[in-house]
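Colleague: Hi, have you got a minute to go through this one with me? I'd like to talk about the empty spaces, the cysteines and a sheet.

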Amino acid sequence: MSAERKIAAVISLGCDKNRVDTENILYFLGKGGYSVTDDFSEADVIVINTCAFIEAAEREAVDEIISAAEYKNTGRCSRLVVTGCLPMRYGEKLTRLLPEVDCFVGINDYADICGIIERGDGFSMSPECAPTCKRVLSTPPHYAYLKIADGCDNRCTYCTIPAIRGKYRSRTPDSLLEEAKHLDDMGVKELIIVAQDVTRYGFDLGGDYLLVPLVKRLLDECSFGKIRLMYCYPELVTDELIGLIASEKRMAKYIDVPLQHISDGVLKRMGRRTDSAHIKELFGKLKAHDIAVRTTLMVGFPGETEEQFEELKAFVAEYKPDHAGVFAFSREEGTPAAKMKEQLPKSVKRRRVNALGRLIEKLAGERNAAFVGRTLEVMYEDIDYRRGMFVGRTEADAPEVDGLVYFKGGFCDVGNVYNVRITGYKGYDLIGEKV
């Protein structure tokens, strides 16, 4: 590329952990002299950071790649770059399958992304992990994610993450504190801690459970108004962790606990490290401490009987998670579950997703109805000009995945918390007026 070509457009797909990787990429692009645009016709380089967790994510990634490749004909683009999970999963054969792409870049090569682009390297996949705290935030300025580890050691039978991202690798506490302090200095008010398994943090640094000490250091050494925990596996949500969330004012009374299922038979075939009795005990403790719970649930796993699906529905109806995402089992190449007998038809999986989804929607309506007439603390985040209302979240709602609060009132500052009296609701969202 010629020296004057220094404009890049970046697409980030997938989860918030991938978003942090995209923010690393943005930093290194900026360091290499690139400015960033959202006008793809003006970009000399288009970077797509991909997800490849399930088939639907791969389809989305390929669609984005094909769409972006058109700018090589209609715009200024001379380099189309694909990073992240897709090249990590499929390797160099992508160079044959997607000839539109000029450079495939693995997750350990972001620091050299500018050099890769300039050289036109077709495929770069360094084996050594190279975590960095250098980022350009892509979130609104009042919240940010802190990725404390990469990879996974859980080896659930349906999951491709260990094959894509490698073994679990915790970042050191000192490096995380350095990054967190930088975010704190930037004015971030809500820190959201993420990893493939947040609760396993530190086990690979000497075998100790280091999540609680890490969070305590963040509370002691930083001034975030709230710290939120995502992706906490149920078998490692300890009484000490629950006590910290419940007792510390600056901890969001919220936890994301991915369950996938409740039937012991299904959990065993999934390779999960917990059982129904422990999950029910854990949910009882969390509810007793008024901690909002988000979870994810999988239906249609190979061999899931109608009785086991009804057991899952009964659990949801009784324990009422505050938020839940439901998805159908995806038969992913290379996973043990893909080879299991008793694969279920798509029609059965679709029916079960819809049935469980309707139950969760009903419970959300009942939960929201109970808030009517109450006054809640709401962090203001945006304006919905069509509705003529402010938009915010309670601490029981994580950004992008949970419900919103639409409210009217006087002047508000983004990131500040206001008292809002709830007057109604629509679907998963609340409606109110600033007090």
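Colleague: How do the residues lining the second largest cavity divide into nonpolar, polar and charged?

Modeller: Happy to help, and keep in mind that this is a predicted model. The lining of that second largest cavity divides into 4 nonpolar, 1 polar and 2 charged residues.

Colleague: Which residues are they?

Modeller: The second largest cavity is lined by C133, R135, L137, E179, H182, L183 and M186. The space in there comes to about 30 Å³.

Colleague: And how many cavities of 30 Å³ or more does the structure hold?

Modeller: The structure holds 2 of them. In the largest cavity there is about 50 Å³ of space, and its lining is made of F53, I54, Y158, M298, F327, A328, F329 and S330.

Colleague: What classes do you get for the lining of the largest cavity?

Modeller: There, 7 residues are nonpolar, 1 is polar and none is charged.

Colleague: OK, on to the open ones. What volume does the largest pocket have?

Modeller: The largest pocket has about 1300 Å³ of space. Its lining counts 49 residues, and those nearest the centre are G14, C15, K17, F53 and Y231. F53 also turns up in the lining of the largest cavity.

Colleague: Which elements give two or more residues to the lining of the largest pocket?

Modeller: They are β1 (7–12), α1 (16–31), α2 (55–69), β7, β8 (149–150), α7 (161–165), β13 (292–299) and β14. Of these, α1 gives the most, with 7 residues.

Colleague: What's the class split in the largest pocket?

Modeller: Its lining has 26 nonpolar, 11 polar and 12 charged residues.

Colleague: And the second largest pocket, what is its volume?

Modeller: About 490 Å³. It is lined by 21 residues, with D290, F371, R374, E395 and A396 nearest the centre. By class, that lining divides into 9 nonpolar, 3 polar and 9 charged residues.

Colleague: Which elements supply at least two residues of that lining?

Modeller: For the second largest pocket, those are α12 (276–288), α14 (346–371) and β15 (375–384). The largest share, 3 residues, comes from α14.

Colleague: Changing topic: how many disulfides does a search of the whole structure find?

Modeller: The search finds 0 disulfides. Take C133: the nearest cysteine sulfur belongs to C222 and is 13 Å away. C133 is one of the residues lining the second largest cavity.

Colleague: Why is C156 not bonded to C159?

Modeller: Because the two sulfurs are 6.1 Å apart, which is too far for a bond; the cut-off for a disulfide is within 2.5 Å.

Colleague: Is C156 buried or exposed?

Modeller: C156 is buried, as its relative accessible area is 9%.

Colleague: Last topic, the open sheet of 6 strands. What is the strand order?

Modeller: The order is β7-β10-β11-β12-β13-β14, and the pairing is parallel. At the edges sit β7 (143–147) and β14 (323–328), each pairing on one side only. On average, neighbouring strands of this sheet are turned by 15 degrees against each other, ignoring direction.

Colleague: Nice. How many bridges join β10 to β11?

Modeller: There are 4 bridges between β10 (residues 190–194) and β11 (residues 226–229), and these strands run parallel. Within that pair, L191 stands opposite I227 in β11.

Colleague: Do the edge strands come up again elsewhere, and if so, where?

Modeller: Yes, β7 and β14 are among the elements that give two or more residues to the lining of the largest pocket.

Note on methods
Residues numbered from 1 in each chain as written. Predicted model: local features only at pLDDT ≥ 70, side-chain atom pairs only at ≥ 80, totals over all residues. Heavy atoms only, no water. Buried < 20%, exposed > 50% of the residue type's maximum accessible area, 1.4 Å probe, protein only. Pairing = 2+ DSSP bridges. Axes fitted to C-alpha atoms, helices over the stretch in contact; angles between N-to-C directions. 1 Å grid on protein atoms, 1.4 Å probe; cavity = no way out; pocket = protein on both sides within 12 Å on 5 of 7 lines; lining within 4 Å. Points joined across faces, edges and corners; volume = space filled by probe spheres on them. Nonpolar A, V, L, I, M, F, W, Y, C, P; charged D, E, K, R; others polar.
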